[in-house]
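Work through the exercises below with the model open in your viewer. Try each task before you read its solution.

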Amino acid sequence: MAGPLKTIALLGATGSIGGSTLDVVARHPDRFRVGALSANGRVDELLRLCARFRPDAAVVADESAWPALCDGLAALGLPTRALAGAAALDEVAADPANDTVVAAIVGAAGVASTLAAARAGKRLLLANKESVVLAGDLLLQAAREGGATILPVDSEHNAIYQCLPADGGRQGVRRLLLTASGGPFRGRRRAELEGVTPDQACAHPNWSMGRKISVDSATLMNKGLEVIEARHLFGLPASRIEVVVHPQSVIHSLVDYVDGSVLAQLGNPDMRTALAYGLAWPERIDSGVAPLDLAALARFDFEKPDLAAFPCLGLAYRALEAGGAAPAVLNAANEVAVSAFLQGKLGFLGIPDLIQACLDAHPGGPADSLEQLLETDAEARRLAGDLIARMRRP
Ligand code: NDP
């Protein structure tokens, strides 16, 4: 028996995580229905999803896309409400009609709706790691006060969540070990990274993901953001969160206990496992992911991350140690740098250079309110924009 239908608000429905979520949802019509879907501006893709999943509400964050959304829904003859703008994202995230919110918007653009879902006490499937990096303390506070259940669906954090003590405590935990694939440029020295292209950076060996997180994986900033995310979600200091490169991406992360036991979660590299876990928790449901074939895999490899070739991981630890709003500066500088790289305006090696220059120039400051953090985010973006003209070009 599946219990009462859960109504899902999927923010970032047109993205990679959005597609994986809907794949799992579609396998279980007895358990899930879609309450809301959102996109930024890709209306055609959003309409295609609306036709299939018939949500109560569809949201475009980019208000200029609203007329096309209204016309498209009318042409499909759907009763779906058409909403637009950032406030509409917050509205559907907090809507009492939706009990589960999947936070799958990319970047800091997802922070307000993620916080809104936490405040409203939702089951919150958290993919949008940038919102934790930017406003982790506020998010956890909002979840505590609102009675939300945060279920991490970033695969590493989902693995750790599954391997931590079932009572939610940290008794006996020595270290968290986050695994990293190493990305498409694993094994290259810094000099060999000069001139790599966006398409090369986005060609991840194991995972199929959106372009921003693919570049983050190639620079190892993705792992840096995940260290900060783990610090907030699991409450251990940075000194007890380590990264190990595991090129097969089958061990999704590990928890090391003081008695010498190391618990790991394994699975094929497919986000549907973590999403199915979050959607059905505490039950388990079919995700469509193939069973793991260990004999076919034959071996697991591990190595230390190369911080000289991939300085972004070290920069993330630096921002975490600095505390306050320093992670917000790191995140904003990274978003600007990755966007410039994808547009051919900044070389690959310019990404860490730009982030380091921003951390050197901006003190971060306090992180007591969302307004403060968004102000820091905006300042860091302006600073990064000013610096970028002087940085290494492709
Ligand atoms: P995609 O780029 O594939 O999708 C991003 C989604 O966010 C799209 O629906 C997009 O809409 C929407 N969006 C983009 N900009 C805005 C904005 N300004 N306001 C509102 N919505 C916006 O990203 P991914 O699915 O790869 O990643 C989503 C999040 O999940 C990221 O935080 C990422 O780090 C995290 N994550 C992703 C994993 C993966 O396997 N992909 C794994 C673990 C975490 P539109 O289509 O209209 O542009």
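The exercises cover the ligand site, the nonpolar cores, some buried elements and a few backbone torsions.

This is a predicted model, in which local features need pLDDT of at least 70, side-chain atom pairs count only at pLDDT 80 or more, and totals for chains, interfaces and linings use all residues. Residues are numbered from 1 along each chain as its sequence is written, and side-chain values use heavy atoms, with hydrogens and water left out.

**Exercise 1. Describe the shell around the ligand.**

Step 1. Count the shell. A residue is near the ligand if one of its heavy atoms lies within 4 Å of it. The shell holds 24 residues, and T14, S16, N40, R42 and E130 are the closest.

Step 2. Sort by class. Ala, Val, Leu, Ile, Met, Phe, Trp, Tyr, Cys and Pro count as nonpolar, Asp, Glu, Lys and Arg as charged, and the others, Gly among them, as polar. The shell then splits into 12 nonpolar, eight polar and four charged residues.

Step 3. Find the helices involved. Helices (H or I, at least four residues) and strands (E, at least two) are DSSP runs, numbered from the N terminus. Helix 1 (16-27) and helix 6 (129-146) each give the shell at least two residues.

Step 4. Check the backbone. A polar contact is a pair of N or O atoms within 3.5 Å; within protein, one must be able to donate a hydrogen and the other to accept it, and residues adjacent in sequence count only if both atoms are side-chain atoms. A polar backbone atom of G12 is 3.4 Å from an oxygen atom of the ligand. For G15, the distance from a polar backbone atom to a ligand oxygen is 3.3 Å. For I17, a backbone N or O atom lies 2.9 Å from a ligand oxygen.

Step 5. Get the coverage. Accessible areas come from the Shrake-Rupley method with a 1.4 Å probe; for residues, only the protein chains shown count as cover. On its own the ligand has 900 Å² of accessible area, and the protein covers 86% of that.

**Exercise 2. Place T14 and G12, and decide whether each is buried or exposed.**

Step 1. Locate them. T14 sits in the loop between strand 1 (6-11) and helix 1. G12 is in the loop between strand 1 and helix 1.

Step 2. Apply the cut-offs. Buried means under 20% relative accessible area, exposed over 50%, partly exposed in between (1.4 Å probe, protein chains only). T14 has 14% relative accessibility, so it counts as buried. G12 is buried because its value is 10%.

Step 3. List contacts (heavy atoms within 4.5 Å). Beyond four places in sequence, T14 meets S38, A39, R42, E45, L46 and L49. With neighbours within four places left aside, G12 meets G18, S38, A104 and I105.

Step 4. Follow one partner. L46 lies in helix 2 (residues 43-53). L46 has a relative accessible area of 0%, so it is buried.

**Exercise 3. Map the nonpolar cores.**

Step 1. Define the set. A nonpolar core is a set of buried Ala, Val, Leu, Ile, Met, Phe, Trp, Tyr and Cys residues joined through side-chain atoms within 4.5 Å.

Step 2. Find the hubs. The largest core has 95 residues, of which L176, L330, F348, I351, L354 and I355 touch the most other members. Helix 14 (residues 326-342) gives the largest share of this core, 11 residues.

Step 3. Look for others. Another core of 38 residues lies apart from it, and includes A58, A82, A274 and I285.

**Exercise 4. Show how helix 5 is enclosed.**

Step 1. Count. Helix 5 (residues 111-119) has nine residues and seven are buried, so the rest of the structure largely encloses it.

Step 2. Name the cover. It includes strand 1, helix 4 (86-94), strand 5 (100-103), strand 6 (123-126), helix 6 and helix 16 (370-388).

Step 3. Check the end. G121, with a positive phi near 75°, follows helix 5.

**Exercise 5. Find a buried charged side chain and its polar partner.**

Step 1. Take E335, in helix 14. E335 is buried because its relative accessibility is 15%.

Step 2. Find the partner. The side chains of E335 and R381 form a polar contact of 3.1 Å.

**Exercise 6. Inspect the backbone torsions.**

Step 1. Check omega. The peptide bond between W281 and P282 is cis, with omega about 5°.

Step 2. Check phi. R54 is not a glycine, yet its phi is positive, about 45°. S249, also a residue other than glycine, has a positive phi near 55°.
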